[in-house]
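This report describes the fold, the nonpolar cores and the largest pocket of one protein. The sequence and the structure are shown first.

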Amino acid sequence: MKRSYLATIAGFISRPRIDAIIESGTEYPLVLAIAGPGYGKTLSVASYMKTADVRLVWLRISYRRTRAEDFWEDFVQAAEREHPDYARQLKGLEFPDPPDSFEQFRKITAAAAENGKRLVIVLDNYERVTDE
């Protein structure tokens, strides 16, 4: 699948070694890409995911929408891009803060991950989410 909505920049050179690391990471339930600003985390993952054979939910968190409620609304909207059925199920949930709501989110996401291709969720700039 060609994902034209993922940002890349002219002149960005894909690095096979980094792509291989990202590919192997998709086999794990959680992967964190941690480095300072400007190291190429977002571009490297976006470059790989543009053609990866996975089901992708990519959410880039903005500076303006940082409340938990904004995060949840934006996450569901991001899921709608490639997974409308998954997003439809999530819409009925509140932000998965109460334990029963989180358990429902976990079950819906686990079921989505079991149906076909790997489900990859990218939360770009997650550090921007606050409780305020």
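## Overall architecture

From the N terminus on, the order of elements in the protein is α-α-β-α-α-α-β. The model is a predicted one. In total, 5 helices and 2 strands are assigned. The radius of gyration is 15 Å, close to the 14 Å that the globule rule gives for 132 residues, so the protein is as compact as a globular protein of that length.

The C-alpha trace spans about 45 × 35 × 25 Å along its principal axes. Of the 132 residues, 39% are buried. Among contacts with a separation of 6 or more, 65% are between residues 24 or more positions apart.

## Nonpolar cores

The largest nonpolar core holds 18 residues. Within this core, the residues that touch the most other members are Val57, Trp72, Phe75, Tyr86, Leu90 and Phe105. At least two core residues come from each of β1 (55-60), α3 (68-82), α4 (84-91) and α5 (99-114). The greatest contribution is that of α3, which supplies 6 residues.

Which residues does Val57 touch, leaving aside those up to four places away in sequence? On one side of the list stand Phe75, Ala78, Ala79, His83 and Tyr86; the remaining partners are Leu119, Val120, Ile121 and Val122. A second core, separate from the largest one, comprises 13 residues. Ile18, Val45, Leu56 and Val122 are among its members. Val122 is thus both a contact partner of Val57 and a member of the second core.

## The largest pocket

The largest pocket encloses about 1,600 Å³ of space. Its lining consists of 38 residues, and those nearest the centre of the pocket are Val31, Leu32, Ala33, Ile121 and Val122. Two or more lining residues come from each of α1 (16-25), α2 (41-49), α5 and β2 (119-124).

Which element gives the most to this lining? That element is β2, with 6 residues. By class, the lining of the largest pocket is made up of 24 nonpolar, 8 polar and 6 charged residues.

## Elements and residues in common

Some parts of the chain recur in these descriptions. Helix α5 supplies at least two residues of the largest core and two or more residues of the pocket lining. Ile121 and Val122, both touched by Val57, lie among the residues nearest the centre of the largest pocket.

Methods
Residues are numbered from 1 along each chain as its sequence is written. This is a predicted model: local features need pLDDT of at least 70, side-chain atom pairs count only at pLDDT 80 or more; totals for chains, interfaces and linings use all residues. Side-chain values use heavy atoms; hydrogens and water are left out. A nonpolar core is a set of buried Ala, Val, Leu, Ile, Met, Phe, Trp, Tyr and Cys residues joined through side-chain atoms within 4.5 Å. Buried means under 20% relative accessible area, exposed over 50%, partly exposed in between (1.4 Å probe, protein chains only). Helices (H or I, at least four residues) and strands (E, at least two) are DSSP runs, numbered from the N terminus. Contact means heavy atoms within 4.5 Å. On a 1 Å grid over the protein atoms alone, a cavity is a set of points where a 1.4 Å probe fits but cannot get out, and a pocket is an open set with protein on both sides within 12 Å along at least five of seven lines; lining residues have an atom within 4 Å of a point. Grid points are joined across faces, edges and corners, and a volume is the space filled by probe spheres set on the points. Ala, Val, Leu, Ile, Met, Phe, Trp, Tyr, Cys and Pro count as nonpolar, Asp, Glu, Lys and Arg as charged, and the others, Gly among them, as polar. The radius of gyration is taken over C-alpha atoms; the globule rule is 2.2 Å times the number of residues to the power 0.38.
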